[in-house]
Amino acid sequence: MSILVIAEHDNLTLKVATRNAIAAAAKINITLATEIHVLVAGVACGDVAQQAAAVAGVAKVIVADAAHYGDQTAENLAALIIAQAGGHTHILAAATSNGKNTLPRVAALLDVAQISDIITVLDADTFVRPIYAGNALATVKSADSVKVITVRTTGFDAVEASGGHAIIENIQASADLGQAKLVSRELTKSARPELAAAKIIVSGGRGMGSGENYHTVLEPLADKLGAAMGASRAAVDAGFVSNDYQVGQTGKIVAPQLYIAIGISGAIQHLAGMKDSKVIVAINKDPDAPIFQVADYGLVADLFQAVPELVAAL
Amino acid sequence: MKILVPVKRVIDYNIKVRVKADNTGVDLANVKMAMNPFDEIAIEEALRLKEAGVASEVVAISCGVTACQETLRTAMALGADRGILVETDVELQPLAVAKLLKAIAFNESPQLIILGKQAIDDDANQTGQMLAALMGWPQATFASKVVVDAAAGSVTVTREVDGGSETLVLTLPAIVTTDLRLNEPRYATLPNIMKAKKKPLDVFKPEALGVDVTPRLTTLKVTDPAPRSAGVKVANVAELIHKLKNEAKVIA
């Protein structure tokens, strides 16, 4: 028996989130003492398989290389994972948009529950997961024969990208179900660090006033700090930036070393996405903004003066 | 074309939840309940498809305690044509709900089922995907735009994903789950609230649908998250930088 982790990748690069999920698998494996396998499903994804084989603690990489896995559509991916499910006690994926999309499908096909967004592994059957936007933590125990789990990446430090020497096994692709087809993909291109993996995040809210202000005021600060850029739901709803900037209960969950919330009031839904950050700085002109209740350092000031001042002084 | 929209009764999103002293769950006694916000978006999308002449009927479904009838009445006040309650006092987990919805869908034969992407209580984000799997249908989760081409038997859905957005074409019948920016739900008007009281609402028991809803996961305890210790207010930018460099040591 072994533990299966589904690789998150873009056919070229293994995403860090996979190594967070492998870290959770390693915690589960403390009591099981079995092997951790990684499934790479994609097209022309040999490089990803090599990277996965080098990850510390991985015993085997299973590769399914076919055109219909290239876009990571849930229908084909789930069918493949089901075909590989035998012999695995646990099936894990990072709680990314891909993981969240595919794994419940796998769980239903296996007739088992899914345990979403775990942040702690207590033993091979027992996990802690946030509920109510992180305002409560539930400890849940699964009685299912196979545990299907998505892993909140901020809950587990990624295992090392190197040090492993896994064997690579190529497997037969399942048939293309042909139910869903990708038409287009508009991905934000940015030289900045990825939001989910950044050490520093500069985040803007409704207080930015406009998309133009968001960029002209915050980008110099992000540049100085080498930071990723995020936003509150209010800023995304107002059209200042696109959805992939959103930090919060239903957006991205982040836990950087430093989170700078600028012009963000601090709605519960936003706090759910960033309150595990190591250090939180809030800059807001409203001294009663709830963001100050979670901020380590609060500066009550007009952001349009304070942020340029901050940039100049750094 | 018929559209089913499952709706969940959850704690109102404005309420700050409190964990019960005995750590068995969160305190829901005398707390305002409401329709899950993502499900309001699902209802709205279905109504817009009906108003555009694409859908002929919108059926709202809820699974849970008797009080879920209120949530169904809300859906009908917004414009759903009728409601179905699968009534049980058993704690329902996503897999059980997906099985109940499958049984209803078998009777109703919809072309489209639109669900909220997640409920704001358990934050599971599973039911739509599970239902799609059980039905053997394609799925488009986290939708920000839905265009139905009934003649072609397909639906084109733009989805919010980690790196931006992507657009999929699915063959119908299909499952769509809603993200925040799909639409802005309408409010129910008083006349429509009155009218909703007369709309049909059928009630089934899980046993009558042949579904075993026994929970698979046991909640051992529910606790408060570790609180963040209160921080300090700094007087100016210079003090902020000093603290970040010398106290927090997060910038060089």
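**Strands shared between chains A and B**

In this predicted model, Ser184(A) has Thr167(B), a residue of E9(B), as its bridge partner. This pair belongs to a meeting of two strands across the chains: strand E11 of chain A (residues 180–187) and strand E9 of chain B (residues 164–171) run antiparallel and are joined by 7 bridges. In general, strands of a sheet pair through backbone hydrogen bonds, in either a parallel or an antiparallel manner.

Stepping back to the contact as a whole, chain A contributes 69 residues and chain B contributes 63 residues. On the side of chain A that touches chain B, 36 residues are nonpolar, 18 are polar and 15 are charged.

A further sheet also draws on both chains. Its 6 strands form an open sheet with parallel pairing, in the order E13(A)-E12(A)-E14(A)-E15(A)-E16(A)-E13(B). Strand E13 of chain A (228–231) and strand E13 of chain B (232–234) stand at the edges; each has a single partner strand, so one side of each lacks a neighbour in the sheet. From one strand to the next, the twist averages 20°.

Within this sheet, strand E15 (residues 279–284) and strand E16 (residues 297–300), both of chain A, run parallel and are connected by 4 bridges. Here Ile283(A) is found opposite Leu299(A) of E16(A). Helix H5 of chain A (residues 211–225) packs on the sheet, where the helix touches E12 (200–204), E13 and E14 (258–262) of chain A. The direction of H5 makes about 170° with that of E12(A).

As for confidence, the model scores ipTM 0.94 and pTM 0.94. Chain B has an average pLDDT of 96, with 100% of its residues scoring at least 70.

Note on methods
Residues are numbered from 1 along each chain as its sequence is written. Chains are lettered from A and ligands numbered from 1 in the order in which they are written. This is a predicted model: local features need pLDDT of at least 70, side-chain atom pairs count only at pLDDT 80 or more; totals for chains, interfaces and linings use all residues. Two residues are in contact if their C-beta atoms, placed from the backbone, lie within 7 Å. Ala, Val, Leu, Ile, Met, Phe, Trp, Tyr, Cys and Pro count as nonpolar, Asp, Glu, Lys and Arg as charged, and the others, Gly among them, as polar. Two strands pair if DSSP finds at least two bridges between them. pLDDT is the predictor's confidence in each residue, from 0 to 100. Axes are lines fitted to C-alpha atoms, for helices over the stretch in contact, and angles run from 0 to 180 degrees between N-to-C directions.
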